Amino acid sequence: MTDGDDETPTEATDDEESATDASSEITAESLDERLDTAEEKLDAAETEADLDEAEETLDSIAADLEAAELPEPEDEEEESPQEELESRLSDLRDELESQRGPYAEDVAENVEEAKTKIDETRWTDRGEGEIAEAVESFLDTVAEIFEEDDESGAVVDAAVSTGDKSDLVSALDAVVKTVKSASLDADEDEETIAALLEATETLQSDLEDAQEWDDLETREQLEAEGFYDVLGHYKDYPPEWSALKEHEKRGNVEMVLLALDSLQSDFMEEHCLEAITRMNDARAFDAMHQRAQKRDKPSIRALGKMGSGALDAVETLVDYVDTDKDPALQKVTFKALGEIGSEEATQPLADKLVMDNDNVRPHAARALGLIGDARAVDPLTDTLEDDASPNVRASAAWALRQIGTEKALKAVADHTDDNSFIVQHEVDRAKQALEATTPTA
């Protein structure tokens with residue numbers, strides 16, 4: 001053998017390993033070990049240079065992984081070593097990117113987005129004042145940040161003079177130039193960059209909060225539809241609420257629905273739905289049914305108040321009877337089905353008399369009482385006799401009284417050994433009802 005053949009080869013580092021003969025030398029185990037080493041480097045990285053080194057290591061591993069001919073598993077459903085390693089490599093690359101920065105480029109990008117927002121948005125008079133104030137505050141903050149960062153030597157040569165859009169955009173453009181010319185380093189100027197990013201996020205938030213012209217379109221639409229015509233000299237704040245109450249008083253359900261559809265406000269949505277529920281107007285059925293299909297509880301409540309006018313919603317509501325993980329939805333659904341009164345809901349509700357939640361079972365019983373279907377007498381009687389909860393037994397007794405057949409009333413009247421006061425109250429009322437229906441001699 002020639003000189004050197006007997007020498008022990010030196011162990012190659014990650015970056016020195018080549019993909020030239022990877023197919024014959026590289027194994028899944030060796031690649032996995034190298035990924036372990038890369039992960040340790042990534043965890044220990046403190047500077048951009050450290051991250052660059054970690055990225056070079058990952059690039060080397062990726063090259064070898066691509067060149068390697070790793071065996072495929074015998075089981076086709078089992079994930080191959082190639083796929084497992086590629087997945088782990090991808091996760092480490094994602095982790096590396098998450099550790100990078102922040103960068104001055106991110107600051108400039110955020111300011112550019114703010115410039116676009118200001119320039120392309122139509123603002124109200126109030127909004128113009130708000131965005132001018134937001135930009136002025138941002139400029140002051142940026143100036144303070146650079147004054148504290150003496151090493152950058154940057155001076156913010158930007159100011160708001162007229163307050164119009166072009167003036168504001170020019171001021172922000174000056175900030176972008178200042179940030180770029182400051183040559184901020186991701187490691188050495190990390191705190192400065194982070195402070196600038198926070199300032200840009202505040203600016204963007206303030207711009208989002210400023211009043212745009214589109215914010216007024218809804219009010220203008222309502223005004224064109226005559227929504228505000230009912231307002232007198234006295235009005236509550238906001239005027240939409242005052243108009244809503246007047247439309248409810250006058251039975252103008254179409255105006256209430258218009259407000260519900262137009263006003264993007266949780267406050268007004270709540271009051272519109274409450275008004276529709278109180279109005280009990282079947283003209284609101286389609287709108288309420290559409291919302292109910294998204295499990296909207298106030299709309300389901302409104303459907304219940306429509307009674308037989310909401311029969312077309314029964315199929316939708318019956319689908320919610322078995323939503324045991326959402327007791328609040330079950331309660332409002334049970335009551336609505338009871339108020340609508342469709343016997344189609346009798347069996348699904350009767351099945352819930354034996355559900356685990358004793359806070360929901362009473363609602364199932366009462367819903368059956370509201371429906372009044374005599375087929376519910378037997379399951380309600382079983383509940384009255386066997387349920388461990390006094391509230392459930394009392395609800396079953398109440399439901400039987402509402403059904404009101406002789407069999408139903410006798411089932412309650414004969415239940416005399418119950419030690420619960422609320423159940424005995426129902427027993428006494430059932431006895432009175434039976435006596436009232438028994439002809440005197």
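Here are a few notes on helix α8 and some salt bridges in this predicted model.

1. Ground rules: residues are numbered from 1 along each chain as its sequence is written, and side-chain values use heavy atoms, with hydrogens and water left out. Since this is a predicted model, local features need pLDDT of at least 70 and side-chain atom pairs count only at pLDDT 80 or more, while totals for chains, interfaces and linings use all residues.

2. Helix α8 (residues 190-209; helices are DSSP runs of H or I, at least four residues, numbered from the N terminus) has Thr192, Ile193, Leu196, Leu197, Ala199, Thr200, Leu203 and Leu207 buried (under 20% relative accessible area, 1.4 Å probe, protein chains only). They cover an arc of only 160 degrees around the axis (taken from the directions to the C-beta atoms), so they sit on the same side of α8. Glu191, Glu198, Glu208 and Asp209, on the other side, are exposed (over 50%).

3. What does that buried side pack against? The buried residues of α8 pack against α5 (104-120), α6 (125-148) and α7 (165-181).

4. There are 28 salt bridges in the structure (a side-chain nitrogen of Lys or Arg within 4 Å of a carboxyl oxygen of Asp or Glu). One of them joins Arg34 to Asp64, with the closest N and O atoms 2.8 Å apart. Arg34 is in α2 (residues 28-44) and Asp64 in α3 (residues 48-67), so the pair ties together parts 30 residues apart in sequence. Arg34 and Asp64 are both buried.

5. Lys249 and Glu246 also form a salt bridge (3.8 Å, N to O). Both lie in α10 (residues 239-250), 3 residues apart, about one turn of the helix.

Key: Helix = DSSP H or I, 4+ residues; strand = E, 2+ residues; numbered from the N terminus. Contact = heavy atoms within 4.5 Å.
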